[in-house]
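Subject: Structure handover

Hello,

Here is the structure you are taking over. Please look through it first; notes on what was found follow below.

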Amino acid sequence: MSALHSLQTAAVSIRSVRKVYGDPQTGPVALKHVDLDIRDNEFFTLLGPSGCGKTTLLRMIAGFEFPSAGEILLYGENIADRPPYERPVNTVFQHYALFPHMSIAENLAFGLESHPMGKRLGKTAITQRVSEMLALVQMERFADRRPSQLSGGQQQRVALARALAPHPKVLLLDEPLSALDLKLRQAMREELKSIQAKTGITFIFVTHDQEEALTMSDRIAVLAEGQVQQVGRPSDIYEQPNNRFVADFIGETNFLPAQVETLADDHALLRITGGQLMRAAGREGLHQGAQVTLSIRPERLQLVAPDSPETTPCTLVEQIYLGTDLQYQVSLADGSHLRVRTPNRAGQNQSFVPGQRLGLQFDRESASVLLD
Ligand code: ATP
């Protein structure tokens, strides 16, 4: 398969999928109407708050749940009638579910033997596959140990190796890092990303942790209340959020009312409260004079001397030391509050005192216009 073709093939297509649990008229609606194409070879993340429907979507791809309407295609084939074990898909769960009475190698071998793919493999091939998988997750040294003799992170690696062993085309990962502590979670992020790149298997990763999603994914779908809010690369989602929900859920942001002054083909000039002019990518539906909301990230604002040109007057409310950054809260003349963030560079940050009058400078091209 050529690289181009491989890029264009949808590994998983979700077509107009709706899911209602229980009674179709009165039951809870987990997914309203979802359309998504997940590409072959992609690290794709379903991101959203608790209850948005991400696990439901994952379970439908795995075959543990069925859509109330719509269809799911795997590499172009409708898989509605295929039970979970006949789908070229495997799942890594949050809880590792390893068998405590078996060694690590036995856990992997048993997982393979009970999989339709593994049944075709002879004993020697299974032993070889188990070694390969343990090497992939750097756990060869622990092959003879029992799960209880491993740390949480090591058990998670074994669970990953076990899910990868049958060579699924698509690997589903349901919040697999949430039981690990912060340091381990960060290390595992890099490792997961590198294993995905090495194996070329399509990963569909579910999380409510925006940092996890931003650091690992090729693309992210942000979900809320059973609907996809935006799909894009991490930088698209962070820099150009579609709506208020996405802007607020991914990182921190400031919302500012503004009015459209000029519209060009590819951008708009907008005047924010306080008078500064901002340039943002244009959007359908904008017209001259329209009142809109802008999202501006705290790191795109600077605090300067109050009399500097092209600034908005503000007053410092508080200053918070975050280690890597300093965060300030300032108030504007209309009473609104904004957050400002600067990297903590030795000797370069001025110290301000609450109540001090300052000027606020905006990076002119750092705003995005929100649709609602
Ligand atoms: P979390 O991060 O908390 O796991 P989620 O985004 O994965 O949340 P889902 O588990 O997919 O969300 O649930 C979506 C909605 O469907 C929720 O309102 C939930 O209460 C409901 N739901 C999920 N499973 C069932 C079920 N078996 N029966 C009835 N309602 C369900």
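Helix α6 (residues 152–164) lies across β6, β7 (170–174) and β8 (202–207), and runs at about 175 degrees to β6. Contact here means heavy atoms within 4.5 Å. Axes are lines fitted to C-alpha atoms, for helices over the stretch in contact, and angles run from 0 to 180 degrees between N-to-C directions. Helices (H or I, at least four residues) and strands (E, at least two) are DSSP runs, numbered from the N terminus.

The model is predicted: local features need pLDDT of at least 70, side-chain atom pairs count only at pLDDT 80 or more, and totals for chains, interfaces and linings use all residues. Residues are numbered from 1 along each chain as its sequence is written, and side-chain values use heavy atoms, with hydrogens and water left out.

The sheet under discussion

The three strands named above belong to an open sheet of six, in the order β6-β7-β8-β3-β9-β10, with mixed pairing. Because β6 (89–92) and β10 (227–232) stand at the edges with a single partner strand each, one side of each has no neighbour in the sheet. From one strand to the next, the twist averages 20 degrees. Two strands pair if DSSP finds at least two bridges between them. Strand β9 (residues 219–224) is joined to β10 by five bridges in the antiparallel sense, and Val222 stands opposite Gln230 in β10.

The other sheet

Another open sheet has five strands in the order β13-β12-β11-β14-β20, with antiparallel pairing. Its edge strands, β13 (277–281) and β20 (367–370), each pair on one side only. Neighbouring strands here are turned by 50 degrees against each other on average, direction ignored. Strand β14 (residues 291–296) and β20 run antiparallel and share four bridges; Ile296 has Ala367 as its bridge partner in β20.

The ligand

Residues around the ligand (a heavy atom within 4 Å of it) include Tyr21, Pro28, Lys54 and Glu175. Helix α2 (residues 54–62) gives the largest share of this shell, three residues. By type, the shell divides into five nonpolar, five polar and two charged residues.

Three polar contacts (pairs of N or O atoms within 3.5 Å) can be listed:

- Ser50: a polar side-chain atom lies 2.6 Å from a ligand oxygen atom.
- Gly51: a backbone N or O atom lies 2.7 Å from a ligand oxygen atom.
- Cys52: a backbone N or O atom lies 3.1 Å from a ligand oxygen atom.

The protein covers 57% of the 640 Å² of accessible area (Shrake-Rupley method, 1.4 Å probe) that the ligand has on its own.

Regards

How values were computed: A polar contact is a pair of N or O atoms within 3.5 Å; within protein, one must be able to donate a hydrogen and the other to accept it, and residues adjacent in sequence count only if both atoms are side-chain atoms. Ala, Val, Leu, Ile, Met, Phe, Trp, Tyr, Cys and Pro count as nonpolar, Asp, Glu, Lys and Arg as charged, and the others, Gly among them, as polar.
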